[in-house]
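Got your viewer open and a selection box ready? Let's walk through this chain stop by stop.

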Amino acid sequence: MPARKIIIDTDPGQDDAVAILLALASPDEIEVLGITAVAGNVPLELTAKNARIVCELAGHTQTPVYAGCDRPLERPLITAEHVHGKTGLDGPVLPDPQMPLSEGHAVDFIIDTLRAHEPGSVTLCPLGPLTNIATAFRKAPDIVDRVQEIVLMGGAYFEVGNITPTAEFNIYVDPEAADIVFKSGRPIVVMSLDVTHKALVTKTRNDAFRRIGNKAGVAVAEMTDFFERFDKNKYGSEGAPLHDPCVTAYLIKPELFTGRLVNVEVETQSKLTLGMTVADWWGVTDRKPNALFIGEIDAGGFFDLLTDRLARL
């Protein structure tokens with residue numbers, strides 16, 4: 001099978017960084033056409049910088065990185081320094097990137113790339129708020145049907161919310177953008193908190209990253225050392241969930257995941273439940289299924305894959 005062509009849309013974020021590293025370490029399965037940065041975990045200036053830091057950490061300075069939207073479609077930007085630290089990549093000490101940002105806007109790169117490739121041959125992999133993707137769909141409606149699949153990290157149902165009682169952060173930051181994407185009609189795979197909260201970096205798993213001994217393995221261990229304090233305090237869990245790497249792991253080994261094809265709609269009106277991903281898990285409405293909502297993961301297999309691929313960098 002040829003490598004799957006993808007665009008990673010991201011707001012790094014330590015777990016975004018691990019997802020990017022996993023993709024760049026897996027060229028047999030994944031061809032990263034480019035990385036598009038969006039404001040989310042930290043402002044755009046930092047997410048665009050962090051994406052390049054991660055590319056250099058992986059030794060992939062040829063991967064183009066584009067800066068995209070610096071705020072949600074209709075709302076003020078909400079960020080998550082309380083989780084990821086002031087840089088978004090707090091933990092390891094990593095040098096400022098030497099590779100430049102690619103010229104042009106991320107949204108235009110998404111549009112041009114989808115137009116340049118055969119219809120149905122490029123997968124979009126959003127790891128943060130969906131602002132860039134929704135803006136591209138609005139600006140160039142002709143590209144929507146050219147998308148092979150959208151595999152995203154965002155949303156929750158049984159695990160409810162991590163930024164409000166009912167909303168997951170990525171969807172809450174730009175619910176209007178999420179609404180556009182979920183109504184696009186393209187195949188969508190949702191890596192929700194329901195599955196990512198089962199991908200926990202225990203001490204044993206983090207020690208395995210550190211024992212790899214290369215720059216990427218040590219950096220990932222140090223990132224997790226930093227941001228796990230938030231999740232352990234909040235949830236009482238034994239480690240931090242690695243949310244975003246579930247997206248790239250799914251592209252490499254989908255058999256590690258199970259879910260259900262359901263209808264998912266995004267709440268954009270209610271002050272109480274703004275940003276909630278309302279999943280019709282039990283099929284109690286007549287709404288047509290529009291997303292494969294993932295709920296289970298083979299966590300052992302996931303961390304074996306991650307450890308193996310980080311060792312290749």
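Here is the tour, with a selection to type at each stop.

**Before you click**

You are looking at a predicted model: local features need pLDDT of at least 70, side-chain atom pairs count only at pLDDT 80 or more, and totals for chains, interfaces and linings use all residues. Residues are numbered from 1 along each chain as its sequence is written, and side-chain values use heavy atoms, with hydrogens and water left out.

**Stop 1: the aromatic rings**

Show the side chains of Phe, Tyr and Trp. How many aromatic pairs turn up in a search of the whole structure? The search gives seven. Rings of Phe, Tyr and Trp (its six-membered ring) pair if their centres lie within 6.5 Å; planes under 30 degrees apart are called stacked, those over 60 edge-to-face, and the rest tilted.

Select Phe-209 and Phe-303. This pair is tilted, with 6.2 Å from centre to centre and 35 degrees between the planes. It links distant parts of the chain, since Phe-209 sits in helix H9 (residues 203–212) and Phe-303 in helix H12 (residues 299–310), 94 residues apart. Helices here are DSSP runs (H or I, at least four residues), numbered from the N terminus. Phe-209 counts as buried at 0% relative accessibility, and Phe-303 is buried too, at 3%. Buried means under 20% relative accessible area, exposed means over 50%, and partly exposed is in between (1.4 Å probe, protein chains only).

Next, select Tyr-250 and Phe-257. Their rings form an edge-to-face pair, 5.9 Å centre to centre with 65 degrees between the planes. Tyr-250 is buried at 12% relative accessibility, and Phe-257 is buried at 7%.

One more selection with rings: Tyr-157, Phe-158, Trp-281 and Phe-293. Ring pairs link these four into a cluster.

**Stop 2: helix H11**

Keep Tyr-250 in view and select residues 245–252, which make up helix H11. Why is this helix described as largely enclosed by the rest of the structure? Because eight of its eight residues are buried. Among them are Pro-245, Cys-246, Val-247 and Tyr-250.

**Stop 3: the cysteines**

Now colour the cysteine sulfurs. How many disulfides does a search of the whole structure find? Zero, where a disulfide is a pair of cysteine sulfur atoms within 2.5 Å. Click on Cys-55: it is in no disulfide, and the nearest cysteine sulfur, in Cys-125, is 14 Å away. Cys-55 counts as buried, at 0% relative accessibility. Move on to Cys-125, whose sulfur is 13 Å from the closest cysteine sulfur, in Cys-246, and therefore too far for a bond. Cys-125 is buried as well, with a relative accessible area of 1%.

**Stop 4: the largest pocket**

Select Ile-53, Glu-56, Leu-57, Leu-94, Pro-95, Lys-215 and Val-218, and turn on a surface. These residues line the largest pocket, which holds about 160 Å³ of space. On a 1 Å grid over the protein atoms alone, a pocket is an open set of points where a 1.4 Å probe fits, with protein on both sides within 12 Å along at least five of seven lines; lining residues have an atom within 4 Å of a point. Points are joined across faces, edges and corners, and the volume is the space filled by probe spheres set on them.

Helix H2 (44–58) and H10 are the elements that give two or more residues to the lining. H2 gives the most, with three. By type, the lining has five nonpolar residues, no polar ones and two charged. Nonpolar covers Ala, Val, Leu, Ile, Met, Phe, Trp, Tyr, Cys and Pro; charged covers Asp, Glu, Lys and Arg; the others, Gly among them, are polar.

**Stop 5: three single residues**

Select Pro-97, in the loop between helix H3 (81–84) and helix H4 (106–116). Pro-97 is buried, at 15%. Leaving out residues up to four places away in sequence, Pro-97 touches Lys-49, Arg-52, Ile-53 and Glu-56, with contact meaning heavy atoms within 4.5 Å.

Go to Leu-114 in helix H4, which is buried at 1%. With the same sequence neighbours left out, Leu-114 touches Val-122, Ile-143, Arg-146 and Val-147.

Finish on Thr-224 in helix H10 (residues 215–235). Is Thr-224 buried or exposed? Buried, with a relative accessible area of 0%. Beyond residues up to four places away in sequence, Thr-224 touches Val-201 and Asn-206.
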